[in-house]
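Me: I would like to go through this model with you and ask, for each label, what justifies it.

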Amino acid sequence: MSGLLKKLPTKLTNKLPAKVADSTRSPVEPPNSTLKPVSNQFTKLLSVTKYLPASARSSILSKAFGKVVPYVGTTGVYYETVEPNQVAVSLNNTKAVQNHIGSIHAVAITLLAETATGFILGLNLPSDRVLLIKSYSVDFYRPIKKGQIAAIATLSDEQRLTILNTPKGEMVIPCVIHDRESDSERDPIVVEMTWAWIPKSELEARRQGKTNAQTAAGDDAALAGALDDQTNDAQPASQLNDTPSAQDLSAATTDMAKST
């Protein structure tokens, strides 16, 4: 937690994403909830800032979360609503995120959806688990306007309880994309983000197992090299070309390690 809190800016001197006007905010209302928030690094950060004015809180969270996920921070994503039942993030149409026709690039919109769904899952995940994006699909149904785009992810209390009570699982996190300068009733984009989560201990064990396999493969390769040297010394010159080299044995050993 201390590491995340250190990412809070002491001064808001750097340029922040433009604040969203009230008239352009999403009409989607956060679901009513009676559940107590999970205690993790994200919800603790929210509790630290909950008494700030809404605009100041959004600015601080946008800057702090932008440091937590550096790539997201470079795009200018603005965190409008950050609650266990709803996360709303937006992106202004600036030159840095435009496509060839002047609207926000498809990849930037996908990032916006990934950010909203990932953070709402993170807000509801116990601190002994880690979240991972598993798959996503993005379908474009009409051109978007040259204005601001927002992604709103929501979770019901039932979904939040499922996340809390399932140590290892996956879920499609509901998310809608708003083209805020369009008056069309047709959704411009439909996204489906599937997230998974596992215990941190399992992830660490997997990583440790991979490290052990690599170490064993390295030891086997060294032994093969020593045996190869001994064989070269013992065989007559006419047979050396038929003897597998240390490099060949190392490659074969590594392939065996991978297959197991």
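Me: What makes S5 and strand S7 (residues 189-199) a pair, and how do they run?

Reply: Two strands pair if DSSP finds at least two bridges between them, and five bridges join S5 to S7, so the definition is met; the two strands run antiparallel. One bridge partnership is that of Val172 with Thr194 in S7. Strands (E, at least two residues) and helices (H or I, at least four) are DSSP runs, numbered from the N terminus. This is a predicted model, in which local features need pLDDT of at least 70 and side-chain atom pairs count only at pLDDT 80 or more, while totals for chains, interfaces and linings use all residues. Residues are numbered from 1 along each chain as its sequence is written, and side-chain values use heavy atoms, with hydrogens and water left out.

Me: Why are strand S3 (129-140) and strand S5 (169-173) called edge strands?

Reply: The open sheet has the order S3-S7-S5 with antiparallel pairing, and S3 and S5 each pair on one side only.

Me: How do you know which residues of H6 are buried, and what covers them?

Reply: Buried means under 20% relative accessible area and exposed over 50%, with partly exposed in between (1.4 Å probe, protein chains only); Asp157, Arg160 and Ile163 are buried in H6. The buried residues of H6 fall within an arc of 120° seen down its axis, so they line one face of the helix, the arc being that of the directions from the helix axis to the C-beta atoms. The face turned away from the buried side carries the exposed residues Glu158 and Asn165. The cover of the buried residues includes H5, S3, S5 and S7.

Terms used
Contact means heavy atoms within 4.5 Å.
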